[in-house]
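Colleague: Could you take a close look at one part of this model for me, the backbone in chain A where it does something out of the ordinary? I'd be glad of a walk through the surroundings as well.

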Amino acid sequence: MLTAAAHALSIEGLSKTFGSTRALIDVDLQIAAGEVHGLVGVNGSGKSTLIKTLSGYVQPDDGAVASINGTPLRMGDPVAAAEGGLRFVHQDLGLVDELDAVDNYAIGNGFIRRVSGSIDWPATRARVTEALGELGVQLDLRRPVGQLSASARTAVAVARALVGWRDGAQLLVLDEPTASMPDDEVGRLFNVIRAVNASGLAVIYVSHHLDEVFELTQHVTVLRDGRRIATVPTNAVSHDELVELMTGGVHDPSPTSDIALSTSSPVALAATSISTSLLRSIDIEVRVGEIVGVAGLSDSGREHLAKALFGAIPRTGTVTVGGSTVAADPVAAIAAGLALVPAERLRVGLIVADSARANLSLPRIAAYRRRGRLHRASETADAAELLHRTKVKPDGNPERIVATLSGGNQQKVLLARWLGVQPTVLLLDEPTQGVDISAKSDVHRLLREAARNGGLAVIVCSTDSIELAELCDRVIVLCRGSIDAELLAPVSADDIERHCLTDAREEIRS
Amino acid sequence: MTDTAITAPSVTVSAALAETAGSGALRNASRKVFRTEFTALYVWVLIIGWFSLRIPDTFLSTTTMRIIMSDSAVTGILALGALIAFSTGSIDLSFGAMAGFSMVLVAKLGELYHVNTILICLATFAICLGIGGITSVIVVRYKVPSMIATLGMASVLLGLAKAITSGATISGGTSTTFQAFGRGTFFGLPRSFCYLVVAGAVVWYILEMLPTGRRMFATGANTEAARLAGVRTSRIQVGGLLGSAALASFAGIVLAAKVGLASDSVGPPFLLPAVAAVFLGSTQIKHRINVLGTLIAVYVLATGIKGLQLSGAASWVEDFFNGAALLIAVTLAFRRQRQGTRPQGAQP
């Protein structure tokens with residue numbers, strides 16, 4: 001029963017609870033037929049959960065009612081979502097970089113085949129050319145997609161998501177499609193989206209970049225803390241009003257660190273013209289006892305800064321610690337007093353199959369060599385002391401295999417390792433990601449103590465604005481690889497979010 | 001998401017432990033046996049007991065004991081080399097061919113140049129290390145998976161060995177003093193066995209008692225994490241492959257001295273039993289690759305095969321037995337890995 005007023009997608013009463021966390025609370029969402037609808041919200045607002053319940057990979061709580069063009073949709077079922085006509089292009093696109101556009105397009109949807117069963121390459125290529133042509137894109141079908149531009153790759157992913165869309169697709173969801181896209185390609189992607197939209201397909205456009213939302217969408221829905229705060233016509237709201245809706249002023253200004261930082265404290269680390277594939281000539285200074293936060297959206301360079309200073313990834317520029325230059329190499333960095341707690345603790349931080357003791361002693365294992373062999377007793381004693389100091393649960397047993405610890409305690413082991421090295425500068429990347437509340441406050445306490453009492457200089461790169469607001473004496477906001485703002489404590493999480501969302505590109509465009 | 005990835009194995013382990021404590025006496029018992037870190041020792045006792053009852057006259061003799069000790073010494077030395085490479089995360093499949101190459105090279109050099117035997121051994125050793133160096137450049141510098149690079153190098157070495165022998169057996173290359181180096185005894189024990197013990201002690205000391213060993217295991221278990229912890233992982237990986245080449249070359253020289261003849265077909269068959277021993281060894285004593293477990297595994301396999309041979313079993317038994325042991329050992333090792341206590345070092 002289709003009516004003119006039927007929505008492309010209608011959801012009512014959508015909630016999702018993970019354990020004790022309510023990720024979505026009674027969310028309603030209506031997408032008008034044929035519109036481009038923006039979905040915005042700060043980190044942790046529930047955007048990803050909403051997308052995942054739509055695609056069916058997360059089961060919503062009971063009580064949600066959804067329909068597509070008036071036809072009821074059972075949520076939490078990937079097959080029902082696909083059959084109902086929902087199509088998704090996720091941030092990572094899901095392409096196989098080594099294969100060309102034809103293979104990527106056809107691999108899940110079937111190649112056109114001859115009677116003999118062999119692939120009819122000319123026909124398959126023609127079909128891919130046609131599908132891309134409908135999106136207004138022409139590209140070299142024989143090049144591996146990994147070598148194509150970001151917008152062309154996204155176009156391939158969109159074309160693949162929309163295979164046969166004239167028959168069934170109702171709604172295309174684009175989840176942060178421009179997160180790793182150079183500025184000059186965003187416009188080309190917009191043309192693709194407009195081509196899709198022009199043929200009557202509704203689009204949900206998820207992005208952190210508000211300028212894109214203003215340029216592209218007719219309506220915008222704001223999520224905050226799992227609730228839908230507003231759905232408004234895009235042209236009826238200003239940039240600042242939208243930011244206000246997203247941040248809501250719910251977070252109080254931070255309780256500034258209890259002990260004041262001496263203003264005369266000397267510079268511990270000075271870095272000049274640091275560049276990587278994301279960073280553009282960053283200068284940064286940290287003083288003894290200071291905690292500096294680094295905020296920024298994804299691909300702002302925030303995720304590179306700690307690794308770049310440590311020399312874990314290729315970089316140009318100069319890093320000096322205590323006046324002497326440090327080579328871009330982890331061994332030199334450690335020798336100079338730098339320490340890095342990387343973001344992906346399981347992949348690149350810890351050796352999870354090994355004991356806490358072996359993980360703790362690894363960077364300074366040579367120091368335990370006495371009379372030609374390892375002095376196991378002092379290694380174990382040091383490990384036990386560090387585990388006690390950092391309150392690693394459940395038992396602080398140095399022989400415990402790290403894989404059997406919870407995420408928070410693993411993170412404490414990693415932090416303890418580097419505190420044990422007694423560095424001059426501690427670099428942390430997402431220090432409390434996937435960490436429970438109590439471990440998080442332990443980590444924060446340890447960092448404050450190390451900075452104020454131990455004279456450690458700390459750089460914390462984090463997507464958690466509340467964390468930065470609570471912890472830092474100063475917060476640097478990165479935007480498209482450059483420093484966009486420097487905020488002194490007391491700073492609120494709101495301010496940080498606001499600066500992250502207001503990027504330099506918008507000023508250029510508007 | 002990362003969190004579920006870590007908590008999952010710990011849950012499985014505790015669930016498995018709870019299950020062990022609970023129902024099913026028989027299942028319980030069998031679980032315990034398969035979980036224990038000394039299974040190989042029990043199996044060894046069973047094998048010895050079985051053959052002692054079946055064929056007491058031939059099996060229970062000092063000659064048989066000596067043959068087992070001495071024949072398996074070369075396998076043991078090779079397994080130690082493989083273990084060094086495995087612990088740093090590289091799979092070396094070239095050490096059997098390397099041993100064979102070293103064997104024919106030392107014999108050929110002895111035949112061609114009548115100079116000091118020690119000089120000839122050193123030259124052989126240096127050439128083998130050079131080839132190991134090439135392999136490690138391919139693996140570490142050019143990031144070719146070690147399994148592929150060493151598989152290719154194994155064939156290259158076999159080809160070189162055939163070129164040296166021209167298909168014939170080299171018989172004139174070994175002097176009596178050189179042969180004494182491989183035959184003879186120290187304190188009543190076969191010399192080759194003594195070399196194995198010394199090599200085992202050295203490798204054990206490096207892996208377990210020195211900081212280098214920690215760096216090796218860390219590199220093998222998680223190269224990037226080790227690198228960010230200040231380990232020079234490239235050097236460690238090169239060292240692992242060179243260590244394997246060095247021990248393979250040494251094993252080849254011992255082999256030439258022991259046999260007195262050299263042929264290009266001798267080396268490659270050592271590959272499988274040595275790899276089997278390292279993996280079987282990684283299920284023993286410690287929950288990772290280790291020297292003592294490996295050496296025990298070498299001798300458990302050798303004892304079983306010798307017993308079968310003395311019982312009149314056909315020649316296929318050796319390959320079958322070694323292959324089955326490798327499959328069982330690797331299956332056990334991977335099962336444990338899934339349960340969250342992954343063996344450190346190589347993962348094929």
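Modeller: Happy to! A residue is called exposed if 12 or fewer other C-beta atoms lie within 10 Å of its own, buried if there are 20 or more, and partly exposed in between. Please keep in mind that this is a predicted model.

Let's start with A:Gln422, where phi is near 50°, a positive value in a residue other than glycine. Most residues other than glycine have a negative phi. A:Gln422 has 12 C-beta neighbours inside 10 Å, so it counts as exposed. Its place is the loop that runs between α15 (407-420) and β19 (425-429) of chain A. The domain assignment puts domain 3 of chain A at 349-421 and gives domain 2 as 251-337 + 423-510.

A second residue of this kind is A:Ser273, a non-glycine residue with a positive phi near 45°. A:Ser273 belongs to a strand, β11 (residues 267-275) of chain A. With 13 other C-beta atoms within 10 Å, A:Ser273 is partly exposed.

A positive phi also turns up at a glycine: A:Gly311, just after α10(A), has a phi of about 85°. The helix before it is well covered, because 9 of the 9 residues of α10 (residues 302-310) of chain A are buried, leaving this helix largely enclosed by the rest of the structure. Among these buried residues are A:Arg302, A:Glu303 and A:Lys307, along with A:Leu305 and A:Phe310.

Next comes a peptide bond. Most peptide bonds are trans. The one from A:Ala489 to A:Pro490, however, is cis, with omega near 0°. A:Pro490 sits in the loop between β22 (482-488) and α18 (493-501) of chain A.

To finish the walk, here is a sheet in chain A. Its 4 strands form an open sheet in the order β2-β1-β4-β5, with antiparallel pairing. At the edges stand β2 (21-32) and β5 (71-73), each with a single partner strand, so one side of each has no neighbour in the sheet. From one strand to the next, the twist averages 25°. Within the sheet, β1 (residues 7-18) and β4 (residues 65-68) of chain A run antiparallel and are joined by 4 bridges, and A:Leu9 stands opposite A:Ile68 in β4(A). Across β1 and β2 of chain A lies helix α1 (residues 47-55), which runs at about 65° to β2(A). For the wider layout, domain 1 of chain A covers 7-247, and the C-alpha centres of domain 1 and domain 2 of chain A are 33 Å apart.

Technical notes:
Residues numbered from 1 in each chain as written. Chains lettered and ligands numbered in written order. Predicted model: local features only at pLDDT ≥ 70, side-chain atom pairs only at ≥ 80, totals over all residues. Helix = DSSP H or I, 4+ residues; strand = E, 2+ residues; numbered from the N terminus. Pairing = 2+ DSSP bridges. Axes fitted to C-alpha atoms, helices over the stretch in contact; angles between N-to-C directions. Contact = placed C-beta atoms within 7 Å. Domains from an automatic or database assignment.
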